[in-house]
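Today I opened my notebook to look at how helices pack against each other. Here is what I looked up.

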Amino acid sequence: MSSGAPAVAAAGVGKVFVGDSSVEALQGIDLTIQQNDFIALIGPSGCGKSTLLRLVGDLLAPTSGSLAVNGKTPNEARLAREYGMVFQKATLLEWRTVLKNIELPLEVMDFDKEEREPRAREMLDLVQLSDFGDSYPWQLSGGMQQRVAIARALAFKPSILLMDEPFGALDEMTRERMQLELLEIWDRTDTTVIFVTHSIPEAVFLATHVVVMSPRPGRITDVIDVDLPRPRGFETRESPRFYEKLTEVREALRRAEPEPDRQ
Amino acid sequence: MTDPSHDSAVLTAFEDDLPLGGTKRTRRRQLIGRYLPAAIAFVSVLVVWELFVELANVKSFILPAPSEITAAFFEEFSTIWSAGWTTLREAVGGLFIGLFLAIFVSFSIVRWTWLEEGVMPVAIAIGTIPIVAMAPIMNAWFSITSLLSKMAVVALVIFFPVMINTVRGLNEVSAEEVELMRSFAAPGRDLLLRVRVPNALPYFFSALKVASALSMIAAVVAEYFGGRQDALGPYILQKAGLLRFAEAWAGIGVASILGIAVYSAVVLLERAVMPWHVSLRVAAGE
């Protein structure tokens, strides 16, 4: 971004879901994410990592604390169309072809008609689905659908990509290939990525920083820098450094667990 | 380093499985395959019916043979079709009025959610009234001899199922779809037109198919409560009263042919509007 502001600056952010019994989902979140960082949010179910993602993306409002995105409020950033979202489900509109799905944000954002298709085709090339523009989502495999979702999220060149367990529903092999592709895309675009995951290897392989969270209420307990060399590839997963980092994250997660009362 | 061909194997496999496509000849064979069982069943029913009436010596006023009914149909051809035309106009006119109202109310409910709490109980109450019982009232409101009084009955009958289904379709979009549009900072109009409306189409059409069948039924029944005599209901009533049952049956036959025609028109429209839908994928996949 042109401004020197960090991509995300959170200070004392908390979120309470008010209901029949109020739930404190997040407490005292302090986090600074620099431009072009790749952040993995990891933690057990119920630690509020998806909630944190949605606070950043202005899909939820924080109950306390202050949150700035590119020097703006999350709401201003959303209205300035600085977020691309990818969910666990590809969430493609089944009545649109692949190309038209990628054009959806461009239509909503009033891009010129002549600009939309070339832009969407460029994104299809980026996710290596050039030949599938005229297919319908149901004709694609799960991995391909998720690539379309990524292409759609990047079509309007948002500065921040918010990904909520995007590869969670994919098989292990597809998943590893998608991680590699995502890193290539991240390399080629000036995007900050915030990536929610359950998987320790996924977090270590992808991220510049792994943010470890603990449940009830969700807090950040560790931020682990992953200084593995780039570009990362299949060799990365087999390097001793990779295993050291896995262990570091695993131990951080264990420390984050309050008491071993499960089962 | 990446290998998209891995994924595309899925698509290739899919193409191999495609039942349609290929040569014209296999295509024709498939069409025959699809309609042949129905055609055989239809003809068998007629043959068994004919033989039963013939062999069991069934009296014509109880059940005329298909051959008698066909003969009566051709004898009465012009009378029967002009009666059919009247009934068809009532059915289709009522269908359009009911659809218009149902769509209008559905969109209002989705637009102003507080309306849902007010309107839905009323709509449900209307849905439980046996609407044909309202026919005499409609005759009083819109003049017994006008087509409008029959259209009103048809409209009331179809309003409820279409409205309920359309509201459901408009509302049942996934949380992710809503979040996605929100992340694009999309105005509400885009969420409605680009997500909710296409999402509602399958719901709408399945209700419309039911409604199209109901419309002919409602029109004929409404006619029994009095009105113009050149319509199918009075025609059937009159012929039955004169014990001319072959002609009465011919009238029933025309009523069902017209009902099937309206239904088929809806099916064709559905295919044209949403070729992407699950139920139509085989036809669209070629």
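How are α4(B) and α11(B) oriented to each other: parallel, perpendicular or oblique? I kept in mind that this is a predicted model.

**Entry one: α4 and α11**

I began with helix α4 (residues 77–111) of chain B and helix α11 (residues 245–273) of chain B, whose axes lie 10 Å apart and make an angle of about 40°. Angles under 35 degrees would count as roughly parallel and those from 65 to 115 as roughly perpendicular, so α4(B) and α11(B) are oblique to each other. I then looked up the hand of the crossing of α4(B) and α11(B), and found it right-handed.

Next I listed who touches whom. From α4(B) I noted B:I80, B:G84, B:T87, B:L88, B:A91 and B:V92, and from α11(B) came B:A250, B:G251, B:V254, B:A255, B:L258 and B:V262. Sorting this contact of α4(B) with α11(B) by class gave me 9 nonpolar residues, 3 polar ones and no charged ones.

**Entry two: α6 and α7**

My second pair was helix α6 (residues 135–142) of chain B and helix α7 (residues 147–171) of chain B, with axes that come within 8 Å and cross at roughly 140°. Only angles over 145 count as roughly antiparallel, so α6(B) is oblique to α7(B). The crossing of α6(B) and α7(B) is right-handed.

On the α6(B) side I wrote down B:A135, B:M138, B:N139, B:W141 and B:F142, and on the α7(B) side B:L148, B:S149, B:A152 and B:V153. I sorted the contact of α6(B) with α7(B) too: 7 residues are nonpolar, 2 are polar and none is charged.

How values were computed. Residues are numbered from 1 along each chain as its sequence is written. Chains are lettered from A and ligands numbered from 1 in the order in which they are written. This is a predicted model: local features need pLDDT of at least 70, side-chain atom pairs count only at pLDDT 80 or more; totals for chains, interfaces and linings use all residues. Axes are lines fitted to C-alpha atoms, for helices over the stretch in contact, and angles run from 0 to 180 degrees between N-to-C directions. Helices (H or I, at least four residues) and strands (E, at least two) are DSSP runs, numbered from the N terminus. A crossing is left-handed if the near helix is turned anticlockwise from the far one by less than a right angle, and right-handed if clockwise. Two residues are in contact if their C-beta atoms, placed from the backbone, lie within 7 Å. Ala, Val, Leu, Ile, Met, Phe, Trp, Tyr, Cys and Pro count as nonpolar, Asp, Glu, Lys and Arg as charged, and the others, Gly among them, as polar.
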